[in-house]
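Let's take a walk through this protein together. Have the sequence and the 3D view ready, and follow along.

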Amino acid sequence: MPDASNLFHLSSVLNRRSIARHGLDWARMGAARGIAGSRQPEVEGVFVCRGEEEVRFFLRINNTGGPVDLWSVDGIDEGLLLDNGNGFVHLPSRIPAERVRLVRADLPAQHDF
């Protein structure tokens with residue numbers, strides 16, 4: 001795994017500047033599709049991956065139309081994560097920029113760590 005954090009977020013490289021400046025905020029979605037191909041937020045929250053296996057899954061289904069960035073998400077109480085009904089979790093709040101860090105840039109689909 002690329003980092004000691006256990007929570008990660010994948011996003012299109014087109015969102016890199018916004019994430020670095022504003023953090024993770026579903027209301028700012030629009031520069032690119034979501035990982036699953038959605039054009040609008042699926043929930044009012046930020047999806048996170050809990051480890052390498054989930055990161056690999058989302059890399060395989062990458063429907064953003066291009067490469068993605070892998071962000072480490074730190075300082076989150078995992079007890080606040082909500083399951084969206086299919087085993088994947090989201091935080092029902094915005095994540096400020098100081099809690100995210102770019103750990104891998106420009107990852108193609110099915111990238112191996």
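How many bridges join S1 to S3, and do they run parallel or antiparallel? Five bridges link S1 and S3, and the two strands run antiparallel. Keep in mind that what you're looking at is a predicted model. One spot to find along this pairing is Ser 12, which stands opposite Val 68 in S3.

Now stay with S1, which covers residues 8–12. Five of its five residues are buried, so the strand is largely enclosed by the rest of the structure.

Next, the nonpolar cores. The largest one has 14 residues, and those with the most contacts inside it are Leu 24, Val 48, Val 73, Ile 76, Leu 81, Ile 95 and Val 100. Three strands each supply at least two residues of this core: S2 (46–48), S3 (68–73) and S5 (89–91). Apart from that core lies another, made of twelve residues. Among them are Phe 8, Phe 58, Val 68 and Val 103. You've met Val 68 already, as the residue in S3 opposite Ser 12.

Finally, have a look at Asp 25. You'll find it in the loop between helix H1 (16–22) and S2. Is Asp 25 buried or exposed? Its relative accessible area is 18%, and buried means under 20%, so Asp 25 counts as buried. Who are its neighbours there? Leaving aside residues up to four places away in sequence, Asp 25 touches Val 46 and Arg 94. With Arg 94 there is also a polar contact, side chain to side chain, at 3.0 Å.

Technical notes
Residues numbered from 1 in each chain as written. Predicted model: local features only at pLDDT ≥ 70, side-chain atom pairs only at ≥ 80, totals over all residues. Heavy atoms only, no water. Core = buried A, V, L, I, M, F, W, Y, C linked by side-chain atoms within 4.5 Å. Buried < 20%, exposed > 50% of the residue type's maximum accessible area, 1.4 Å probe, protein only. Helix = DSSP H or I, 4+ residues; strand = E, 2+ residues; numbered from the N terminus. Polar contact = N/O pair within 3.5 Å; in protein donor to acceptor, adjacent residues only side chain to side chain. Contact = heavy atoms within 4.5 Å. Pairing = 2+ DSSP bridges.
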